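Dear colleague,

Please find below the structure that I am handing over to you. My notes on its packing come after it.

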Amino acid sequence: MTRNTGYVWHERYAWHDTGTFAGIVPPGPTVQPFHNFESPESKARLNSLVEVSGLIERLTPIRPRPATEEDVLRVHTARHVEHIRSQSLLPLGDAGDGWSPFGRGGYEIAMLAAGGTISATEAVLSGSVDNAYALVRPPGHHAERDLGMGYCLFANIPIAIEVARARYGVERVAVVDYDVHHGNGTQHIYEDDPDVLAISLHQEFLFPQNTGSAAEMGVGRAEGTTINVPLPAGSGNGAYLASLQRVVLPALRAFRPQLVMVASGFDASAVDPLGGMTVTASAYRAIAENLVDVAEEVCDGRIVFSHEGGYSPVYVPYCGLAVLEAMSGIETGVLDPYAFSFENSPAHQLKPWQDDVIAEAEVLARRLGLVV
Ligand code: ZN
């Protein structure tokens, strides 16, 4: 079965300038200038593969509109929005944590990234497409209400959720975040909101180093609607697929959201410079297939993927293409050229120390079924 999948990309996303940092540190007397890990390459090359594979002709292009200030202020403080706007006048500003540089005009590009996720969400909610992938940049899941961090300027997914609530009558939303880093921004924005379920699968103690534990479960009347699965470094397809089957899918079935948003980062991949996991394109495909299926079961298939991290310029395109094929049900015939090396590693077997973490999160998913 094929589906009508919407697709957002804008050339301006590739023009978001993260300076000459050497990976994550600014150049200096003993640090040779280089590229920031967060560079245009992985995303632009994913878009290139979507075009060259021919998939682009079978997706529905969605032109992103810039987010408005009103959209952004539903989530962020006026102080933060003004900070990004003023930093954007500099040759190289920073989103707030000193690790998130952006060039002149970055404010407008960040508004277009948030707007891309909004446009994808509106297309799904209005029924003009079945589901949608917003290949946006800069990413959003680390952005807090009052602070940009971890390459994120604005919280793209929460901003789109708040548009869905304000204009489309949506009340209950689930966010599934498989980026290798903890979705701290999304968690904190919604930790006291019982109508948004935030699930994050991530590498423990990676970034931020002090958030994302299983003990963070939401606060007050929202207790139980935050679920973290802090997997140990080295986790592969076995741990991710077990987390999906035992935690994510049961939690979505219990919560019954009206819309599912996916923070789609590919930095848990086998060759990511910022992550220590070994996930492959076939597992990303399986995750997307299952999420699309469960969305059909609980919310008429209303699911939106918004791109987050993923820093391997050579491998991210195949992970992203696998997700888009799963969403659309269209096979392009493009094979993962790295499969011969990455797919058969013993690293993919579920290990006992990974199983322990999943078992703990499984309890939270089961408890969610009792409280909602
Ligand atoms: Zn990440």
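The notes below cover the core, one helix pair and the aromatic rings.

This is a predicted model, in which local features need pLDDT of at least 70 and side-chain atom pairs count only at pLDDT 80 or more, while totals for chains, interfaces and linings use all residues. Residues are numbered from 1 along each chain as its sequence is written, and side-chain values use heavy atoms, with hydrogens and water left out.

The largest nonpolar core (buried Ala, Val, Leu, Ile, Met, Phe, Trp, Tyr and Cys residues joined through side-chain atoms within 4.5 Å; buried means under 20% relative accessible area with a 1.4 Å probe, protein chains only) has 113 residues, of which Ile227, Leu291 and Phe305 touch the most other members. Helix H4 (residues 106-125) is the greatest contributor to this core, with 12 residues. Helices here are DSSP runs of H or I with at least four residues, and strands are runs of E with at least two, numbered from the N terminus.

Helices H7 (residues 237-255) and H8 (residues 281-299) pack at about 10 degrees, their axes 11 Å apart; axes are lines fitted to C-alpha atoms over the stretch in contact, and angles run from 0 to 180 degrees between N-to-C directions. H7 and H8 are therefore roughly parallel (under 35 degrees).

There are 12 aromatic pairs (ring centres of Phe, Tyr or Trp, the latter by its six-membered ring, within 6.5 Å; planes under 30 degrees apart are stacked, over 60 edge-to-face and the rest tilted). Tyr133 and Phe305 are stacked, because their ring centres lie 6.1 Å apart with planes at 20 degrees. This pair joins strand S5 (residues 131-134) to strand S10 (residues 303-307), its members being 172 residues apart. Both Tyr133 and Phe305 are buried.

Yours sincerely

Terms used
Buried < 20%, exposed > 50% of the residue type's maximum accessible area, 1.4 Å probe, protein only. Parallel < 35°, antiparallel > 145°, perpendicular 65-115°, else oblique.
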